[in-house]
Amino acid sequence: MEAVTLENQTITEFVLLGFHDVAELRLLFFIVFTVIYVSTVAGNVLIIVAVVSSQRLHTPMYFFLANLSFLEILYTSTVVPKMLQGFLQEAAISVAGCLLQFFIFGSLATAECFMLAIMAYDRYLAICYPLRYPLLMGPRGCLGLVLVAWLSGFMVDGLVVALMGQLTFCGPSHIDHFYCDFMPLMGLVCSDPRVTQMTTFILSVVCLTVPFGLILTSYARIVVVVLRVPAGAQRRKAFSTCSSHLAVVSTFYGTLMVLYIAPSAVHSQLLSKVFALLYTVVTPLLNPVIYTLRNKEVHYALRRLLYIKHTETRD
C-alpha cells in the first residue's frame, strides 16, 4: 500500500533522464553536443551580423533568414544546455520550470513552422512575380508577416500550456527524455488529459500541415515557372536557392510530423529521442551551413565583415 501511495503523490519536481541507457557514452556525447551547440550559435550569429551589417542583404529574403537564425539560437538554447547538464549530473527541473521550457520551446518551434512557410512564399513571389515583388513584399508587409509568425507560436502554445497547467502530475518523477516534451509529460499525469491531448493534436495538425501545404504549393508553382526559363544561370540560381530551403524544411517538418501527428509510428523511446535530436540540434546547425554554403551574397558579406575586423585588429 505504501508503494501505491507514493506512486500517486503529487510531485513538484522532475528528473530528466536524457540518454541514461547509453551511460558509458555520456562524456563523448557531452563533448560532441557542446561542439554542435557552440557551432550552431556561432553560425547563426554570423548570419544575423552579416545581414545587419551588409546593405546588399537588406532584402526581404535575408530579413526572414536573420529572423530564422534568431529563432534557431533561442530554440536550441532552450533545450541543449539542460541536455548537456544531464550528461554530467542529474538534471532536475521543477514542474513550473518544465512547463516553461515546453512553452518556450513549443512556441519557437511553432513560430519556425510559420517562418519557413513565409520564406517559401517570399521565394514564390520573387520568382513568379518579379516585377510586382517589391510592392508585394514591402517593409511593412515583411514586418507584419514576421510578427504573425512569432505571435502565432506563443498564442498556440500558450493555450496548450494553460491546459497542461490544470493537470495533476504524479509519480514517478522521472521523464525519459532530454527535455520536457508533450508525450513524456502526459505519461506522468494522473488526472484526465483527454481535452489537453485532443487540443494539442488538433493544433499540431493545423500548425504543421497548413504551413507545410503552403510550402509545397509555393515550390510547385516555382518549379513550373522555372522550367519555362531556358537552361542557364538564372535557372540554376533559382533551383539552388529553393533546394537549400527545402533541405531545412524536409528535416524539420518530417521529424515533427512523425512525433506529434503520428507518434505511434515511433516504437521506442530511444528512437523518439533520436528524432527529437534532428529538430532540436541538427536542424539549427544545418540552417547556417546550408544557407551560407551555396549563397554567394552571404559569402561576400561574411568575407567583407571578416576583412574589416582583421584590418581593425592590425591597426
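Which hand does the crossing of α4 and α8 have, left or right? The crossing of α4 and α8 is left-handed. This comes from a predicted model, and the same holds for every value below.

## Overall make-up

The protein chain holds 11 helices and 3 strands. Read from the N terminus, its elements follow the order α-β-α-α-β-α-α-α-β-α-α-α-α-α. The chain counts 315 residues, and 45% of them are buried.

## Helix packing

Two packed helices are described by the angle between their axes and the distance between the axes. Three pairs are set out here.

| Helix pair | Axis angle | Axis distance |
|---|---|---|
| α2 (residues 26-53) and α3 (residues 60-88) | about 160° | 9 Å |
| α4 (residues 95-128) and α6 (residues 139-164) | roughly 145° | within 8 Å |
| α4 and α8 (residues 194-228) | roughly 20° | within 9 Å |

Take α2 and α3. Their axes lie 9 Å apart, at an angle of about 160°. Angles over 145 degrees count as roughly antiparallel, so α2 is roughly antiparallel to α3. The crossing of α2 past α3 is left-handed. The contact of α2 with α3 contains 20 nonpolar residues, 7 polar ones and 2 charged ones.

Helix α4 takes part in the other two pairs of the table. Against α6, its axis crosses at roughly 145° and comes within 8 Å. Here α4 passes α6 in a right-handed crossing. Sorted by class, the contact of α4 with α6 has 17 nonpolar, 6 polar and 1 charged residues.

Against α8, the axis of α4 crosses at roughly 20°. Angles under 35 degrees count as roughly parallel, so α4 is roughly parallel to α8. As stated at the start, this crossing is left-handed.

## Aromatic residues

How many aromatic pairs does a search of the whole structure find? It finds 20 aromatic pairs. One of them joins Phe178 and Tyr179. Their ring centres are 5.4 Å apart. Their planes meet at 50°, so the pair is tilted. Phe178 and Tyr179 are both buried.

Phe178 and Tyr179 also belong to one aromatic cluster. Its other members are Phe19, Phe29, Phe33, Tyr75, Phe87, Phe105, Phe212, Phe252, Tyr253 and Tyr279. Phe19, a member of this cluster, also has a charged partner: the charged end of Lys273 sits over the ring of Phe19. That charged end is 5.7 Å from the ring centre.

## Residues apart in sequence

Three residues show how positions separated along the chain are placed in space. Distances here run from C-alpha to C-alpha.

Leu259 lies in helix α9 (residues 233-260). Is Leu259 buried or exposed? Leu259 has a relative accessible area of 7%, so it counts as buried. Leu259 and Phe275 are separated by 16 residues in sequence, and their C-alpha atoms are 7.7 Å apart.

Pro284 is placed in helix α10 (residues 269-293). Its relative accessibility is 0%, so Pro284 counts as buried. Pro284 and Ser39 are 245 residues apart in sequence. In space, their C-alpha atoms are 9.7 Å apart.

Thr217 sits in helix α8, the helix roughly parallel to α4. Thr217 has a relative accessible area of 47%, so it counts as partly exposed. Thr217 and Ala120 are 97 residues apart in sequence. Their C-alpha atoms lie 9.1 Å apart in space.

Note on methods. Residues are numbered from 1 along each chain as its sequence is written. This is a predicted model: local features need pLDDT of at least 70, side-chain atom pairs count only at pLDDT 80 or more; totals for chains, interfaces and linings use all residues. Side-chain values use heavy atoms; hydrogens and water are left out. Axes are lines fitted to C-alpha atoms, for helices over the stretch in contact, and angles run from 0 to 180 degrees between N-to-C directions. Helices (H or I, at least four residues) and strands (E, at least two) are DSSP runs, numbered from the N terminus. Angles under 35 degrees count as roughly parallel, over 145 as roughly antiparallel, 65 to 115 as roughly perpendicular and the rest as oblique. A crossing is left-handed if the near helix is turned anticlockwise from the far one by less than a right angle, and right-handed if clockwise. Ala, Val, Leu, Ile, Met, Phe, Trp, Tyr, Cys and Pro count as nonpolar, Asp, Glu, Lys and Arg as charged, and the others, Gly among them, as polar. Rings of Phe, Tyr and Trp (its six-membered ring) pair if their centres lie within 6.5 Å; planes under 30 degrees apart count as stacked, over 60 as edge-to-face and the rest as tilted. Buried means under 20% relative accessible area, exposed over 50%, partly exposed in between (1.4 Å probe, protein chains only). A charge sits over a ring if NZ of Lys or CZ of Arg is within 6 Å of the ring centre and within 35 degrees of the ring normal.
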